[in-house]
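Here is a short walk through one structure. Keep the sequence and the 3D view at hand as you read.

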Amino acid sequence: MVSVGTEVNKTKPDFTFPNSIIFFATGKDENIVKRYLQSSHDTLVTALYNIDPLLDQMIASNILTQENYYEIRTEKTPPQKARKLLEIVQHQLNENDVRLFVECLRRCKNNYPRLKDWLTRDTG
């Protein structure tokens with residue numbers, strides 16, 4: 001989280017950690033979280049081998065429709081499910097909902113040990 005007195009670089013955003021970008025999605029960099037997720041696509045596809053806990057969190061947060069849920073569930077392999085989920089996140093969710101998606105990932109962090117570093121790295 002950004003604390004009082006923390007300076008945020010508004011001219012060149014840092015793409016290394018979601019915490020540093022969650023509060024900086026304004027102005028001309030309004031799609032910064034989406035860009036960060038896109039740059040982490042391979043990492044996320046590999047790590048999201050069981051997406052059920054994440055899908056449950058997303059439904060509870062009202063950022064995933066039942067239609068999208070079934071669309072994802074019809075995919076056959078875990079990587080295909082993860083790719084379908086990321087496609088929906090990238091193309092159907094607005095930036096605020098994408099930030100909520102990252103929050104859902106954080107809530108499920110115990111289910112995704114491969115994302116531990118991705119979710120906990122801090123840029124200061």
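**Aromatic pairs and cysteines**

Tyr 112 is buried, at 0% relative accessibility. The model in view is a predicted one. Tyr 112 has an aromatic partner, Tyr 49. Tyr 49 counts as partly exposed, with a relative accessibility of 36%.

The rings of Tyr 49 and Tyr 112 meet edge-to-face. Their centres are 6.5 Å apart, and their planes make an angle of 75°. This pair links distant parts of the chain, 63 residues apart. Tyr 49 lies in the loop between helix H3 (41-47) and helix H4 (52-60). Tyr 112 lies in the loop between helix H7 (95-107) and helix H8 (116-120).

The structure holds three aromatic pairs. Another one of them joins Tyr 69 and Tyr 70. Here too the arrangement is edge-to-face, with 75° between the planes. The distance is 5.3 Å centre to centre. Tyr 69 is buried, with a relative accessible area of 18%. Tyr 70 is exposed, at 51% relative accessibility.

Now turn to the cysteines. A disulfide is a covalent bond between the sulfur atoms of two cysteines. How many disulfides does the count give? It comes to zero. Why is Cys 104 not bonded to Cys 108? The sulfur of Cys 108 is the closest cysteine sulfur to that of Cys 104, but it is 6.7 Å away, too far for a bond. The cut-off for a disulfide is within 2.5 Å. Cys 108 is likewise in no disulfide.

Both residues are scored for accessibility. Cys 104 is buried, at 0%. Cys 108 is buried as well, at 3%.

Key:
Residues are numbered from 1 along each chain as its sequence is written. This is a predicted model: local features need pLDDT of at least 70, side-chain atom pairs count only at pLDDT 80 or more; totals for chains, interfaces and linings use all residues. Side-chain values use heavy atoms; hydrogens and water are left out. Buried means under 20% relative accessible area, exposed over 50%, partly exposed in between (1.4 Å probe, protein chains only). Rings of Phe, Tyr and Trp (its six-membered ring) pair if their centres lie within 6.5 Å; planes under 30 degrees apart count as stacked, over 60 as edge-to-face and the rest as tilted. Helices (H or I, at least four residues) and strands (E, at least two) are DSSP runs, numbered from the N terminus.
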